Amino acid sequence: MHVSRIRLKNFRGYYSLSLDFSSGMNVFIGKNASGKTNLLEAIHYLSFARSFRGVEDKELIQNKASQAVINAEVVNGTNKKTIDVLITENGKKILVNDKGIDKLSTLNQIVNVVAFMPQDVNIFRDSPKKRRDYLDINISKLNPLYAEAISQVSEILKERNEILKLDEVDQQQLEVVTDQLIKAEREVIVMRKEFVAKLNKIISKVASAIKGEESKVKVIYFPYLKLTDDYIDKAEKLYQDNLDNDLKRKATNIGVHREDFILTLNGQDISIQGSQGENRLMAIALKLSPYFLVEDKSKHPIVALDDVMSELDIKHQKKLITFLKKLDQVFITSTNLQIDKASVYEIDNHHAIRRTK
């Protein structure tokens, strides 16, 4: 899978831009604030329908413009799709081959982008939500049923919390909703557990390649309750034991929405024992590993890396570049990065020129 063309209109600082891309390595070179990351942001938007910076859509529209447009062509084997994104202050409209999509969550089934942003270096030391987001995003790409399952949990959880906020809690209604939540959560745990098992089969190889030495890496997932034959009974008791706390806080304090995982490097928790450099390398390995979980090679993700070489020494930069060259299509930003046989785009004040190889 690769993006063969992108056109921007009034997106961030880009008034008008049209670029053709190659498979393999694509490098965006330019000074800070020149527009490199904004271009990467547009590519990322094709998969997630939102900015990786966490800003509202209206902030993506250039000043004084009424709308922003992203138009792209994505090639998947012999299959080509056009993606048209229209962003206004009142919402967004997305077309695939001139037809609207039913759910925004289906977009990452059409365009799969694996991304690394500078803030991702803190994923192991950040809040558990960041790590749950990693699970939710990557499992949804591999298994559309997961998106439905996690959405169902969110809806039931919202209903349960609304009941808990009432002055007079209907215990019977609360019990019914809790039973629904327990059953829905089981499906999420099953799929999270399966994903982590698959991830652990590849992540040590990825980490060893970019670290330049054999590394034993393991993701350890902590479900709120282990899956056993009597899961339902144990879950019901756990929720009952936590009921007083839930009523006091007027919110559900256990469940899959509170789960977490850690990553160990050679048996040590990276968030506690790892150096800043090790945290960066393991964060990169964690982000890149799902690439290899896509069995159909024609559907391998597009890789987008923002300022990934920052704070890496020359040795690890070379190891990472060697690794990235094996992937189908990579977009990488830098102020000054030399990569042999890469397509280089010079970005200056939100203008881009492709440099001849």
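How many helices and how many strands are there in the chain? In this predicted model, the chain contains 11 helices and 15 strands. Its C-alpha trace spans about 70 × 50 × 35 Å along the principal axes. A compact globule with 357 residues would have a radius of gyration near 21 Å, and the chain, at 22 Å, therefore agrees with that expectation.

Among the strands, 6 form an open sheet, in which the order is β2-β1-β4-β5-β6-β7 and the pairing is antiparallel. The edges of this sheet are taken by β2 (14-20) and β7 (99-100), each of which has a single partner strand, so that one side of each is left without a neighbour in the sheet. Within the sheet, β5 and β6 are joined by 6 bridges and run antiparallel, and the two strands make a hairpin with 2 residues between them. In this pair, Thr-88 stands opposite Gly-91 of β6. A hairpin with 2 residues between its strands is also formed by β6 and β7, and in its turn Asn-97 has a positive phi of about 50°. Strand β6, which covers residues 91-96, is connected to β7 by 2 bridges, again in an antiparallel arrangement. The bridge partner of Leu-95 in β7 is Gly-100, while Val-96 has Lys-99 of β7 as its bridge partner. Helix α1 lies across β1 (2-11), β2, β4 (67-76), β5 (79-88) and β6, and runs at about 115° to β1.

Attention now turns to the empty space in the model. Rolling a probe the size of a water molecule over the atoms shows where such space is left. The largest pocket holds about 1100 Å³ of space. This pocket is lined by 38 residues, of which Phe-48, Arg-50, Asp-133, Tyr-134 and Ile-137 are the closest to its centre. At least two lining residues are supplied by each of α1 (36-48), α2 (107-110), β8 (113-116), α3 (128-142) and α4 (144-164), and the largest share, 8 residues, comes from α3. When the lining of the largest pocket is divided by class, 14 residues are nonpolar, 13 are polar and 11 are charged.

The second largest pocket has a volume of about 460 Å³. Its lining consists of 20 residues, and those closest to its centre are Lys-141, Leu-142, Asn-143, Leu-293 and Val-294. Two or more residues of this lining are given by each of α2, α3 and α5 (171-199), with the largest share, 4 residues, coming from α5. By class, the lining of the second largest pocket comprises 9 nonpolar, 5 polar and 6 charged residues.

Enclosed space was also examined, and the count comes to 1 cavity of 30 Å³ or more. The volume of the largest cavity is about 50 Å³. Its lining is made up of Asn-112, Val-114, Asn-138, Lys-141, Leu-142, Pro-290, Val-294 and Pro-301, and these residues divide into 5 nonpolar, 2 polar and 1 charged. Helix α3 provides the largest share of the cavity lining, with 3 residues. Lys-141, Leu-142 and Val-294, which line the largest cavity, are also among the residues closest to the centre of the second largest pocket.

Notes:
Residues numbered from 1 in each chain as written. Predicted model: local features only at pLDDT ≥ 70, side-chain atom pairs only at ≥ 80, totals over all residues. Heavy atoms only, no water. 1 Å grid on protein atoms, 1.4 Å probe; cavity = no way out; pocket = protein on both sides within 12 Å on 5 of 7 lines; lining within 4 Å. Points joined across faces, edges and corners; volume = space filled by probe spheres on them. Nonpolar A, V, L, I, M, F, W, Y, C, P; charged D, E, K, R; others polar. Pairing = 2+ DSSP bridges. Contact = heavy atoms within 4.5 Å. Axes fitted to C-alpha atoms, helices over the stretch in contact; angles between N-to-C directions. Rg over C-alpha atoms; globule rule 2.2 N^0.38 Å.
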